[in-house]
Amino acid sequence: MSTVLQESPSPESPARVHPAFEWRRSQRIDALNLVVEEYRHGKTGALHYHLAADNTENVFLVALRTVPTDSSGVAHILEHTALCGSERYPVRDPFFMMIRRSLNTFMNAFTSSDWTAYPFASQNRKDFDNLLDVYLDAVFFSRLDPLDFAQEGHRVEFAEAGNPDSDLVFKGVVFNEMKGAMSSPVSTLWQTLTKYLFPTTTYHYNSGGEPDDIPDLSYEALRDFYRTHYHPSNAVFMTYGDIPAHEHQARFEERALARFEPLDVHIAVAEEKRYYAPVYVEEAYALDDDQRVEDKTHLVMGWLLGNSTDLEEQMKGQLLEGVLLDDSASPLRQALERTDLGSAPSPLCGLESSNFEMSFMCGLEGSRPEHARAFEQLVLEVLEQVARDGVPLERVEAVLHQLELSQREVAGDGYPYGLQLILEGLSAAIHRGDPVAAMDLDPVLARLRVAIQDPAFIPGLVRTWLLDNPHRVRLTLRPEPAISARRQAAEAARLAARKAAMDEAERIRVLEQAAALAARQQQEDNPDMLPKVGLEDIPLDLPIARGEALELAGRPAHFYAQGTNGLAYQQAVIDLPGLAPELLELLPQYTSCLVELGCGERDYLTMQAWQSSVSGGISATTSVRAAIHDEQATQGILVLSSKALVRNHAAMTELMRVTLEEVRFDEHERIRDLVAQQRARREQSVTGNGHGLAMQAAASGMSPTAALLHRQRGLAGIHRIKALDDGLEQGDALERLAGQLQQIHQAVLAAPRQFLLIGEEEQRARLQQELEQQWQAAVAGGSGYQPLALPPLRGQVRQAWLTSTQVNFCAKAYPTVPADHPDAPVLAVLAGVLRNGFLHRAVREQGGAYGGGASHDTDAAALRFYSYRDPRLVETLADFDRSIDWLLGETLSWRLVEEAILGVIGSIDKPGSPAGEARDAFFNNLFGRTPEQRKRYRQRVLEVRAEDIRRVGESYLKPDRASVAVITNGGQLELCKGLGLEIHNL
């Protein structure tokens, strides 16, 4: 299909405009170094925002307004089901098949509270076009096969396959995903609070789906929702990169939009009905483990604010959030951290601005129900004080400084940078606001700088938005040990009643559906129906940032010239000293306290304020890695990091030096609070990262670095910090901990150090001079330094960790080889073959887990299997074993090998932010992963063949060498004992 492109008559408009679209405006955003172009599709009204940038990592996203009216999870289940086959690509699993046939740098789909989005990114134009075709067809011409709905959403089956006399059970990927998600007390807290903050609109419901409500969703309701919501008239297209907008639009039109007529349905979120008085609520959440229920209550207050589409109002909200909660010197956060009413501020503290109407929240965790009134009084007293006395102008200016810094920073180390920018504007676009304004903050920041000069500005916001706002909810969420048992009993009774009401024909239908789904899951689709890239499309070289070695302040240093958009990044890199075992395990607490305590004459509140005023924050982390040739040899570093606008670099450098040299450990109550806060964060990590924690545990016997990671940051680390926190109330435990932290610090000060400096070339001389001036006066390393040395470790583990969860996380690990061994690249490809060829189908599709796969960890020298939010346990461990049998018994096709190679290369070649790529190059080199070694590893990946995979599989994946770790609940205790697993209560 050929199209005649319109030549643009306006110098402000793009050079060419596709005839199916009308150009509406273009706006240059200097702070982001790009131009945003807005278009409207003439026939359907679909909007297209194109972020034209000089970047080869192109990004696509199409979003639909999805506004559920119940908690059946219709939008979430539709997001999954839409990706299970479409008109042009009638294969069972095109989304996951394309992940394997692509060089994408990002592929996913999201369901939010009131929108669903389908984004991807790629640096390869052929790959981008392939993915665009598949995504457009999946969104607008999905098949929505009833069997895919049964697999991805929910279904009933008999517990014993083929036996209608056995019990009925619920199955489904989303059903199990949401059981896992709602095992998190924080998720329950969020859903419960929004249920009351929004009594009538879509935010009242759980868009992901409540496990109790998901089985109520019918296939017909899913199809009806699709017909009205997945239409171009209800869609927003957003793109980023160097592909011109008219080329995207030609494909949009040809592949999808030309086939649609306008849809006369206006989907939008209505304004919420407002309360005339505050609402007070108490509910309960499940706590299944054997811990005491005291001090496990969450207390939260929430206010409903104005529309998020008003950018000025949204930025006022962000300013208010920063002033009240940004750091420990902020008045509200300070009160929440210091009070004895709870152990730590709630993770829900802050402004929620992505919904149509904003909300502000603050709270405590680790509290008791009887503290609810005192908590509310504490919050209101702080707000009254701010409204009466105001806050110092320098504190408000520090918050604006943070907003400016975040606006300027070129990110991209998590999501692609272009996708991050798109997501910043998406909420405004979905709610029919102005996404261009949402990305261009400089004008509104300038107006706010004028507004804050009025001392009554912040007090007025506090008074109007919070104190005089009657739409306020105070929620008390208390633990209830009996909830899980009641929930399981209710589900069993529901299934029993359903079975009792079945006639013979209904039982046969259940059996037939189960058989049909099993047959469909075993079906081998023709992959050639889908487009692909191959090894011939892979770039020949691996681009690696290059820095220059030099000496600054009498120490080794490296400068990397990168396009950082006016920011400077600095890191002090210190060799980890040898420490006694009890001190080594305290390193996570040391790094947390190092940047959160007072220094010299300044208390911690003064230091927090200083950090906010001159930097983007300061952090300390440790990294211990295995040598590339021997996983038993280790090297460790401590890294003190900060970033700043170039104009603040000298002040930031002074801040870093003072933090390292003058930190003091005599603020004992502050240390006590920091340990409690760290404990809370670690406990909350299990339901979101259970698979990672289980893999760490399974591999913990295979190398000293793996064992240390498990003890510091893994399941053993969570268990340890809980014990540490509980013990700090006894005797002189707190003083003893402070003394141990001081011991660690003295050893760190004596250790060798070097510097990493990242900035733009034209700022180089200034940045180096400022670093040298500040660090020249630094205390020289002391005597007695001994480098970190961990004893060799090789052994097996078989562990079960019991906690409060409705689903399981399973892991198995096999000892392998370190990074520079010739078999390491083969093992990385082998893991991809296992994931693509067997585990995805067995663990996710058939087993119902939200995810499952395998990966090779060269630091632990381990091949690790995992499942995520898994309803099964024994069967999944058996599937791990069966995958090895399949691998060694199968004649592997070149397609499977090539797809796995593409996946490994995609992860190696994935770009980061300019600063992130410099850090990656520096630290890889520091740990022996030189550019030559990394390129050698990549070339070996490209050379892997099927016979190599079989050889290493036979060599390393031997049953008698396997280690096992699972995370489950107390109801599986006897089962775990029967498997010979060592039991640990998390």
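Is Asn 124 buried or exposed? In this predicted model, Asn 124 turns out to be buried, because its relative accessible area is 18% and the cut-off for buried is under 20%. As for where to look, Asn 124 sits in the loop that links β9 (115-122) to α3 (125-140). Leaving aside residues up to four places away in sequence, Asn 124 is in touch with Leu 103, Val 533 and Asp 537. With Asp 537 there is a bit more to tell: the backbone oxygen of Asp 537 is reached by the side chain of Asn 124 at 3.3 Å.

Another loop residue worth a look is Asp 434, found between α13 (417-430) and α14 (435-439). Asp 434 counts as partly exposed, because its relative accessibility is 29% and that class runs between 20% and 50%. Its contacts, again not counting residues up to four places away in sequence, are Arg 25 and Ala 428. Ser 166, on the other hand, is 56 Å from Asp 434, C-alpha to C-alpha, with the two positions 268 residues apart in sequence numbering.

Then there is a pair of helices, α24 (residues 686-698) and α25 (residues 704-713), whose axes come within 8 Å and cross at roughly 135°. That angle is why α24 counts as oblique to α25. The crossing of α24 past α25 is left-handed. On the α24 side, Leu 693, Gln 696 and Ala 697 take part, and they meet Leu 709, His 710 and Arg 713 of α25. Sorted by character, the residues of this contact come out as three nonpolar, two polar and one charged.

Definitions and conventions. Residues are numbered from 1 along each chain as its sequence is written. This is a predicted model: local features need pLDDT of at least 70, side-chain atom pairs count only at pLDDT 80 or more; totals for chains, interfaces and linings use all residues. Side-chain values use heavy atoms; hydrogens and water are left out. Helices (H or I, at least four residues) and strands (E, at least two) are DSSP runs, numbered from the N terminus. Buried means under 20% relative accessible area, exposed over 50%, partly exposed in between (1.4 Å probe, protein chains only). A polar contact is a pair of N or O atoms within 3.5 Å; within protein, one must be able to donate a hydrogen and the other to accept it, and residues adjacent in sequence count only if both atoms are side-chain atoms. Contact means heavy atoms within 4.5 Å. Axes are lines fitted to C-alpha atoms, for helices over the stretch in contact, and angles run from 0 to 180 degrees between N-to-C directions. Angles under 35 degrees count as roughly parallel, over 145 as roughly antiparallel, 65 to 115 as roughly perpendicular and the rest as oblique. A crossing is left-handed if the near helix is turned anticlockwise from the far one by less than a right angle, and right-handed if clockwise. Ala, Val, Leu, Ile, Met, Phe, Trp, Tyr, Cys and Pro count as nonpolar, Asp, Glu, Lys and Arg as charged, and the others, Gly among them, as polar.
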